[in-house]
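Please find below a short note on the structure shown here. The points concern a sheet, the helices that accompany it, and a single side chain elsewhere in the chain.

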Amino acid sequence: MRKQILTLFALFAVCQCFAQEQQMIDRIVAVVGKNIILQSDIEGQYIQYRLQGGVKGDAESIRCEILEDLLFQKLMLNEAELDSITVSDEQVESEVEATIRYFKAQLGSQEKVEAYFNKSINDIKADLRRVKKDQFLVEQVQHGMLSGITVTPREVRKVYDEIPYDSIPLVNAQYEVAHLVKKPPVTMDEKLVVKERLYQLRKRILEGDRFSTIALMYSEDQGTAKKGGELGFHGRGELDPNFEAAAFNLREGEISEVIESEYGYHIIQMIERRGDYVNVRHILLTVKVSPEALQKAYDELDSIATIIRNGEMTFEEAVKKFSDEDDKVNGGVLVNANSGSTLFNAEDLPQSVSAYVMRLSEGQMSMPVPMKTSNDKDAFRLLYLRKKTTPHKANLKDDYNLIQNWALQQKRREVMDKWIETKAKRAFIKVNDDFKNCEFKYNWGI
């Protein structure tokens, strides 16, 4: 629970500052230096956890845990003030804009964001600036507290030896996979065919057809086609550079020439501009890879696979020589986005990979299999199962990195515990008597 609260602090702080202030008569429940904790701070986080099904245990004990974590956050803010730690306006503003983009992506448009939070975009940004500034200050204090902490092999062994045998965790089967990608080239003739189709659609619109109707009928952007091609408000830096440059140069109602982006070709119509934000419609047509080009990519991969199987080249060497993917520099090894590791549990493997890898033994390579590139283009790849572990109790030989991380986390917790204990004694801390029955881990002056 404690780790979850700390991890999600920033997200819930954003939610609470928007959603709670109009819903209750607030009161101060704790003070740490110059920083206060409100009842709405606690209730905001509690409601979010409950909605996400993350609350286990009685409500009051959960609120006590939330309060203790907020006390920790405020203690770090207090320390940042004492140490004169600062955050640049540019850094805060960049994060604010990124968060606004996220809200708009989730809710659909700037207007929907404003309606959801019942505030203007400027007021939302003002709230976010405070939240983000505090978040950065906390991160800097934590970095100063925990940076440079390492564990020695002796410490790793000690942590492992202290785990009772019956409590040693079971490590699931894990997979390490590499791929060699061939992306079929798109010919100039194929591009010209798509551009000509868009020019014909543009001509129909200029002659009187409604842009939204044509978008609904022909656009290949399924997310916006059903809305007549409307994207909603986006600011500078949020869109493909070529698309954005064209959009911001349009006048209201004006239709662009054919524009190329990483996704394909577009025509754009300006709906409305508000300062550095634009709302446009667009029609997207993508360039399809020809069956001949796809077959050629398949045949090339098949030939490369033969070279590898004949022992003329290792898979890693072939990747570095032949692959069209950027990850060729590290041998095409796939990285687990959840952990940052090259190892995947079975459930973490992308479905397009697991469907083939599960049939392979360690050291085996697939036949050429279809895939989609990052910009949704058809391609082929060879998949190679570099490593497969069987389910087993964690051990130092096979799982040293995992156990090393346990030891590191334990050492960081010990450092953090000592830091809180020391700083809490020096800071002015006052907690409302309503929370005197909380079973806190630390002494907060109650």
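1. The model under discussion is predicted. In β11, the residue that serves as bridge partner to Pro370 is Phe380. This pair belongs with the wider pairing of β10 and β11 (residues 378–388), two antiparallel strands joined by four bridges.

2. Both strands form part of an open, four-stranded sheet, whose order is β9-β4-β11-β10 and whose pairing is antiparallel. At its edges lie β9 (343–345) and β10 (369–372), each of which pairs on one side only. Ignoring direction, the average turn between neighbouring strands of this sheet is 55 degrees.

3. Helix α13, spanning residues 291–309, packs on the sheet and touches both β4 (174–182) and β11. The direction of α13 makes an angle of about 25 degrees with that of β11.

4. Helix α14 (residues 315–322) also deserves mention, as a helix lying across β4 and β11. Relative to β4, helix α14 runs at about 35 degrees.

5. A separate point concerns Glu79, a residue of helix α4 (residues 59–82). Is Glu79 buried or exposed? Its relative accessibility is 11%, and because buried means under 20%, Glu79 counts as buried.

6. Which residues is Glu79 in contact with, once its neighbours within four places in sequence are left aside? They are Val141, Trp419 and Lys423. The buried state of Glu79 may thus be read alongside these contacts.

Key:
Residues are numbered from 1 along each chain as its sequence is written. This is a predicted model: local features need pLDDT of at least 70, side-chain atom pairs count only at pLDDT 80 or more; totals for chains, interfaces and linings use all residues. Side-chain values use heavy atoms; hydrogens and water are left out. Two strands pair if DSSP finds at least two bridges between them. Axes are lines fitted to C-alpha atoms, for helices over the stretch in contact, and angles run from 0 to 180 degrees between N-to-C directions. Contact means heavy atoms within 4.5 Å. Buried means under 20% relative accessible area, exposed over 50%, partly exposed in between (1.4 Å probe, protein chains only).
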